[in-house]
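Trainee: I'm new to this one and don't know where to start. Could you pick one part, look at it closely, and then show me how it fits with the rest?

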Amino acid sequence: MKTMKNLIVGLFLAAFTLTATAQDKMMKNDAVKTVSFEQTKGEFTQKALTLSEGTYVFSVTNNNAAPEVGLVLIEDGKDGSKPENHIKDAYVSQMVKHGKTESSKAVTLKKGMYKYFCPFNKTPQYTLVVK
């Protein structure tokens with residue numbers, strides 16, 4: 001009976017170790033990177049951006065741009081005025097007030113062209129390239 005119990009505990013520990021090791025490798029390969037944006041009156045200070053494929057969190061700072069600002073990310077060629085075209089996880093968690101910074105959820109970007117803008121601060125649509 002004791003041998004069977006030791007065998008079960010040993011198998012459990014081995015399975016737990018393998019799972020933890022696999023998760024560690026996965027997390028290192030898929031590290032979430034942060035992209036910081038700053039908005040001033042009528043514009044983002046970053047006029048274009050090139051990233052590699054991966055997972056990103058977008059951080060947006062409101063530098064007296066408007067009472068509240070945000071971030072919209074769309075695939076290039078889609079109509080940004082239609083919310084169904086927005087990459088919703090790229091929205092900041094809440095509207096960014098003067099002097100504050102807010103962040104989005106993690107967004108996985110594949111190779112291609114995207115556009116980013118703020119409809120509240122009435123910015124142009126800027127280009128984000130993922131290589």
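Mentor: Sure! One term before we begin: a strand here is a DSSP run of E with at least two residues, and strands are numbered from the N terminus. Keep in mind too that this is a predicted model.

With that in hand, find Asn-64, which sits in the loop between strand S4 (54-62) and strand S5 (68-69). Asn-64 isn't a glycine, yet its phi is positive, at about 55°. Is Asn-64 buried or exposed? Its relative accessible area is 51%, and the cut-off for exposed is over 50%, so Asn-64 counts as exposed. Lys-122 tells a similar story: no glycine either, and a positive phi of about 50°. Lys-122 belongs to the loop between strand S10 (112-117) and strand S11 (126-130), and with a relative accessible area of 67% it is exposed.

Those loops belong to a protein with 1 helix and 11 strands. Going along the sequence, the pattern is α-β-β-β-β-β-β-β-β-β-β-β. The protein has 131 residues, and 33% of them are buried.

Now for the part I'd like to look at closely: the aromatic rings. Searching the whole structure turns up 6 aromatic pairs. Take Phe-37 and Phe-44: their ring centres are 5.3 Å apart and their planes meet at 70°, so this pair is edge-to-face. Both of these phenylalanines are buried. Phe-44 also pairs with Tyr-116, again edge-to-face, with 5.3 Å from centre to centre and 85° between the planes. What does that second pair tie together? Phe-44 is in strand S2 (residues 43-44) and Tyr-116 is in strand S10, so the pair joins parts that lie 72 residues apart in sequence. Phe-44 has a relative accessibility of 0%, so it counts as buried. Tyr-116, at 1%, is buried as well. Put the rings together and you get one aromatic cluster, made of Phe-37, Phe-44, Phe-58, Tyr-116 and Tyr-126.

Let's stay with Phe-37 a little longer. Leaving out neighbours within four places in sequence, it touches other members of the cluster, including Phe-44, Phe-58 and Tyr-116. Its contacts go beyond rings, though: Gln-46, Leu-49, Ser-59, Val-60, Thr-61 and Leu-71 are among them.

Step back a bit and some of these names come up again in the largest nonpolar core, which has 24 residues. Phe-37, Phe-58 and Tyr-116 are among the residues with the most contacts inside that core, and so are Leu-73, Leu-109 and Leu-128. Which elements give two or more residues to this core? They are strand S1 (32-40), strand S3 (48-51), S4, strand S9 (107-109), S10 and S11. Long-range contact shows up in the protein overall: of the contacts with a separation of 6 or more, 60% are between residues 24 or more positions apart.

Another ring to find is Tyr-56, where the charged end of Lys-33 sits over the ring, 5.1 Å from its centre.

That brings us to charges more generally. Side chains of opposite charge can pair when their charged atoms come close. In this model the count is 2 salt bridges. One is between Glu-43 and Lys-47, with the closest N and O atoms 3.0 Å apart. Both partners are partly exposed, Glu-43 with a relative accessible area of 32% and Lys-47 at 42%. The other joins the side chains of Lys-97 and Glu-68 at 2.6 Å, N to O. This pair links distant parts of the chain, since Lys-97 is in strand S7, Glu-68 is in strand S5, and 29 residues separate them. These two are partly exposed too: Lys-97 has a relative accessibility of 46%, and Glu-68 has 32%.

Last stop, a loop residue that connects back to the core. Asn-85 is in the loop between strand S6 (72-75) and strand S7 (96-97). Its side chain reaches the backbone oxygen of Asp-79 at 2.9 Å. Not counting residues up to four places away in sequence, Asn-85 touches Leu-73, Ile-74, Lys-78 and Asp-79. You've met Leu-73 already, as one of the residues with the most contacts inside the largest nonpolar core.

Key:
Residues are numbered from 1 along each chain as its sequence is written. This is a predicted model: local features need pLDDT of at least 70, side-chain atom pairs count only at pLDDT 80 or more; totals for chains, interfaces and linings use all residues. Side-chain values use heavy atoms; hydrogens and water are left out. Helices (H or I, at least four residues) and strands (E, at least two) are DSSP runs, numbered from the N terminus. Buried means under 20% relative accessible area, exposed over 50%, partly exposed in between (1.4 Å probe, protein chains only). Rings of Phe, Tyr and Trp (its six-membered ring) pair if their centres lie within 6.5 Å; planes under 30 degrees apart count as stacked, over 60 as edge-to-face and the rest as tilted. A charge sits over a ring if NZ of Lys or CZ of Arg is within 6 Å of the ring centre and within 35 degrees of the ring normal. A polar contact is a pair of N or O atoms within 3.5 Å; within protein, one must be able to donate a hydrogen and the other to accept it, and residues adjacent in sequence count only if both atoms are side-chain atoms. Contact means heavy atoms within 4.5 Å. A nonpolar core is a set of buried Ala, Val, Leu, Ile, Met, Phe, Trp, Tyr and Cys residues joined through side-chain atoms within 4.5 Å. A salt bridge is a side-chain nitrogen of Lys or Arg within 4 Å of a carboxyl oxygen of Asp or Glu.
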